Amino acid sequence: MRSKQNLDLSQDPPPDLVIEVDYTSASIDRLPIYLALGVPEVWRYDEPVMQIYQLGAGVYVPCDVSPTFANLLLTTEIPRFLQERLKIGEIPMIRSFRNWVKQQIGN
């Protein structure tokens, strides 16, 4: 999909992962849309809760860990990093998050 200018969902595969963030009020339920597209994994952050869903047998099932990133404790660490952003700023938080991910995957 790299360098592709337009997405044609009738021919192109769905995204592997959708990340949805709600900072204010809850938005419409988009899970049926992601289900219709066949997105295999959805992360939803609705402050202060992070929930991971995996597509299985035509429904989204809540998971404790990401099927794609099973070795990362995302449901606890992403909310922590997002809170840290308020204290140290966005760019330092992104650097800190990248360093944390590198440590977790062993690079």
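Glu20 is buried in this predicted model, because its relative accessible area is 7%, under the 20% cut-off for that label. Even so, the Glu20 side chain has a charged partner: it meets the side chain of Arg30 in a salt bridge, with 3.8 Å from N to O. That pair ties together distant parts of the chain, since Glu20 sits in strand β1 (residues 18-22) and Arg30 in the loop between β1 and α1, ten residues apart. Arg30 itself is partly exposed, with a relative accessible area of 28%.

Now look at Asp29 and Arg44. Their side chains also meet in a salt bridge, at 2.8 Å from N to O. Here too distant parts of the chain are linked: Asp29 belongs to the loop between β1 and α1, while Arg44 is in strand β2 (residues 41-46), 15 residues away. Is Arg44 buried or exposed? Arg44 counts as buried, because its relative accessibility is 19% and the limit is 20%. Asp29, at 48%, counts as partly exposed, because the exposed label needs over 50%.

These two pairs don't stand alone: Glu20, Asp29, Arg30 and Arg44 are linked in a network of salt bridges.

Another pair to find is Asp12 with Lys4, whose side chains form a salt bridge at 2.7 Å from N to O. Asp12 is buried, at 10% relative accessibility, whereas Lys4 is partly exposed, at 41%. How many salt bridges are there by this rule? The count comes to six, and the table shows some of them, including the pairs you've just met.

| Acidic residue | Basic residue | N to O distance |
|---|---|---|
| Asp12 | Lys4 | 2.7 Å |
| Glu20 | Arg30 | 3.8 Å |
| Asp29 | Arg44 | 2.8 Å |

Let's leave the charges and turn to the surface. Which residues form a nonpolar patch there? They are Met1, Leu7, Leu9, Ile28, Ile33 and Leu37, and together they have about 580 Å² of accessible area. One of them, Ile33, lies in helix α1, which covers residues 31-37. Why can Ile33 be part of such a patch? Ile33 has a relative accessible area of 44%, so it is partly exposed, and a patch residue needs over 30%.

To trace all this in the structure, you could start at Glu20 in strand β1 and go to Arg30 in the loop between β1 and α1. Asp29 is in that loop as well, and its partner Arg44 takes you on to strand β2.

Key
Residues are numbered from 1 along each chain as its sequence is written. This is a predicted model: local features need pLDDT of at least 70, side-chain atom pairs count only at pLDDT 80 or more; totals for chains, interfaces and linings use all residues. Side-chain values use heavy atoms; hydrogens and water are left out. Patches are made of residues with over 30% relative accessible area and no salt bridge: like charges are joined within 9 Å, nonpolar side chains (Val, Leu, Ile, Met, Phe, Trp, Tyr) within 5 Å. Accessible areas come from the Shrake-Rupley method with a 1.4 Å probe; for residues, only the protein chains shown count as cover. A salt bridge is a side-chain nitrogen of Lys or Arg within 4 Å of a carboxyl oxygen of Asp or Glu. Helices (H or I, at least four residues) and strands (E, at least two) are DSSP runs, numbered from the N terminus. Buried means under 20% relative accessible area, exposed over 50%, partly exposed in between (1.4 Å probe, protein chains only).
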